[in-house]
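Here is a friendly walk through the model, to be read with the viewer open. Have a look at the chains first, then follow the text below.

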There are 2 protein chains.
Amino acid sequence: MAALSDSIEQFIKDLLTDDTRVELKRNELAQYFGCANSQINYVLATRFSVNRGYLVESRRGGSGYVRIIRITANEVDLLKSLIEKIGSSISEEEAKDIILRLHEMKLVTLSEARLMYAAVNDGAMSMPVCSKDALRASVLKNVVVQAFKNAGEGRENAV
Amino acid sequence: MAALSDSIEQFIKDLLTDDTRVELKRNELAQYFGCANSQINYVLATRFSVNRGYLVESRRGGSGYVRIIRITANEVDLLKSLIEKIGSSISEEEAKDIILRLHEMKLVTLSEARLMYAAVNDGAMSMPVCSKDALRASVLKNVVVQAFKNAGEGRENAV
DNA sequence: TGTATAATAGTCAAAAATAGTCAGACGGGA
DNA sequence: TCCCGTCTGACTATTTTTGACTATTATACA
């Protein structure tokens with residue numbers, strides 16, 4: 001049921017559980033999963049972005065490689081960088097990345113991550129907005145419904 | 001005589017007798033019943049609404065899915081009354097009361113309750129607002145900071 | 001020492017695989 | 001007959017997967 005991309009993502013993350021970086025051959029990995037080479041690039045671009053806390057380096061040519069580095073940071077630095085990243089405006093996707101990252105760093109549980117996402121997804125941001133109370137109603141409704149969804153105990157991995 | 005919708009409804013409910021949630025492919029189900037894909041959406045909309053005790057989530061694209069979550073009768077009553085109470089506008093105090101209630105009923109943990117409150121308190125509601133992204137930044141900043149506070153493990157008992 | 005070749009990786013647009021929306025057709029009961 | 005719940009089909013939206021083409025680098029060889 002899991003998409004190919006999800007499997008590849010998990011495979012790489014497993015390699016990163018102990019180490020903070022891993023090096024691999026793009027075409028070997030593609031071969032292993034029986035997919036197009038560019039599929040690997042897709043996974044790297046969508047699942048191992050800087051916003052999600054990873055750096056990717058690579059080299060072409062003979063004995064080339066792809067290196068994936070998990071960014072580690074202490075809480076103070078992380079919080080500062082996230083606040084800066086958020087700034088005064090942020091897209092739904094970027095917000096999702098930040099929340100995912102907090103979850104991967106085990107700062108929040110999956111349920112908490114889902115609640116956070118429910119508070120900031122497009123659906124919660126009712127526009128045009130005319131008052132704080134109206135906005136609050138929209139956000140609150142979203143998080144309350146999410147709380148009920150969580151209570152049904154979702155063990156999947158998506159926010 | 002509304003045989004088709006009823007059959008699909010029953011089929012899904014049978015899947016939900018043991019589990020509280022089930023995941024399926026819209027087009028596979030439509031194929032199985034030999035009907036239009038949109039028929040499934042009709043069934044979901046008319047038979048698996050919140051009022052009837054269900055929450056529905058889905059994702060498009062490769063390996064997409066439709067997930068149906070069954071909640072208990074008590075939860076339905078509670079959720080309905082909360083949604084009604086929230087309406088289209090709600091004060092900070094009332095919102096807090098609702099969140100506290102969810103916590104007291106053990107639907108959310110203390111950490112989760114705090115995150116929820118962080119998402120809807122006055123500080124998060126930056127007004128006047130000019131865009132969804134600006135609004136999102138404000139709410140997200142608030143919940144991210146709260147996540148760190150939670151992680152820093154506050155042992156107080158107030159939301 | 002240059003240069004051709006093989007071995008890598010990257011890019012991008014199109015195709016495939018999903019799901020959602022909505023207006024209108026259809027059909028049975030009040 | 002008219003209304004209302006069903007059902008369909010065409011069109012849209014989203015996410016993943018692939019393939020053709022490009023770019024880069026190490027190495028072998030002239």
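In this predicted model, Leu55(A) finds its bridge partner in strand 3 of chain A, namely Ile69(A). Further along the ladder, Arg59(A) is matched in strand 3 of chain A by Tyr65(A). Both bridges join strand 2 of chain A to strand 3 (residues 65-70) of chain A, an antiparallel pair held over six bridges.

Where do these two strands sit in the wider sheet? The sheet is open and has three strands, in the order 1-3-2 (chain A), with antiparallel pairing. Strand 1 (21-24) and strand 2 (54-59) of chain A are the edge strands, and each of them pairs on one side only. From one strand to the next, the twist averages 15°.

The connection between strand 2 and strand 3 of chain A deserves a closer look. The two strands form a hairpin with five residues between them, and Gly61(A) in the turn has a positive phi of about 75°. Ser63(A) also lies in the loop between these strands, and its phi, near 50°, is positive although the residue is not glycine. For context, most residues other than glycine have a negative phi. Chain B has a similar entry to inspect: Ser63(B) is in the loop between strand 2 (54-59) and strand 3 (65-70) of chain B, with a positive phi near 50°.

Are these two serines buried or exposed? Ser63(A) has 6 C-beta neighbours inside 10 Å, so it counts as exposed. Ser63(B) has 12 other C-beta atoms within 10 Å and is exposed because a residue with 12 or fewer is put in that class.

Positive phi values also turn up after a helix. Gly34(A), which follows helix 2 of chain A, has a positive phi near 60°. Helix 2 (residues 26-33) of chain A lies largely in the open, because the number buried among its eight residues is zero.

Here are the positive phi values of chain A side by side with their settings.

| Residue | Phi and setting |
|---|---|
| Gly61(A) | about 75°, in the turn of the hairpin |
| Gly34(A) | near 60°, following helix 2 of chain A |
| Ser63(A) | near 50°, in a residue other than glycine |

Now to the contact between the chains. On chain B, 47 residues are in contact with 47 residues of chain A. Helix 4 (73-86), helix 5 (92-104), helix 6 (110-120) and helix 7 (132-151) of chain B each supply at least two residues of the side that touches chain A. Helix 7 of chain B gives the largest share of that side, 14 residues. By type, the residues of that side of chain B divide into 30 nonpolar, nine polar and eight charged.

Which residues touch the most other members of the largest nonpolar core? They are Ala119(A) and Ala119(B), in a core of 60 residues. Helix 7 (residues 132-151) of chain A brings the largest share of this core, nine residues. A second, separate core has eight residues, including Ile8(A), Ile40(A), Phe48(A) and Tyr54(A).

Leaving out residues up to four places away in sequence, Ala119(B) touches Ala119(A), Val139(A) and Val143(A) on chain A, and Ala124(B), Val139(B), Asn142(B) and Val143(B) on chain B.

Notes
Residues are numbered from 1 along each chain as its sequence is written. Chains are lettered from A and ligands numbered from 1 in the order in which they are written. This is a predicted model: local features need pLDDT of at least 70, side-chain atom pairs count only at pLDDT 80 or more; totals for chains, interfaces and linings use all residues. Two strands pair if DSSP finds at least two bridges between them. Helices (H or I, at least four residues) and strands (E, at least two) are DSSP runs, numbered from the N terminus. Axes are lines fitted to C-alpha atoms, for helices over the stretch in contact, and angles run from 0 to 180 degrees between N-to-C directions. Two residues are in contact if their C-beta atoms, placed from the backbone, lie within 7 Å. Ala, Val, Leu, Ile, Met, Phe, Trp, Tyr, Cys and Pro count as nonpolar, Asp, Glu, Lys and Arg as charged, and the others, Gly among them, as polar. A nonpolar core is a set of buried Ala, Val, Leu, Ile, Met, Phe, Trp, Tyr and Cys residues joined through C-beta atoms within 7 Å. A residue is buried if 20 or more other C-beta atoms lie within 10 Å of its own, exposed if 12 or fewer, and partly exposed in between; C-beta atoms are placed from the backbone.
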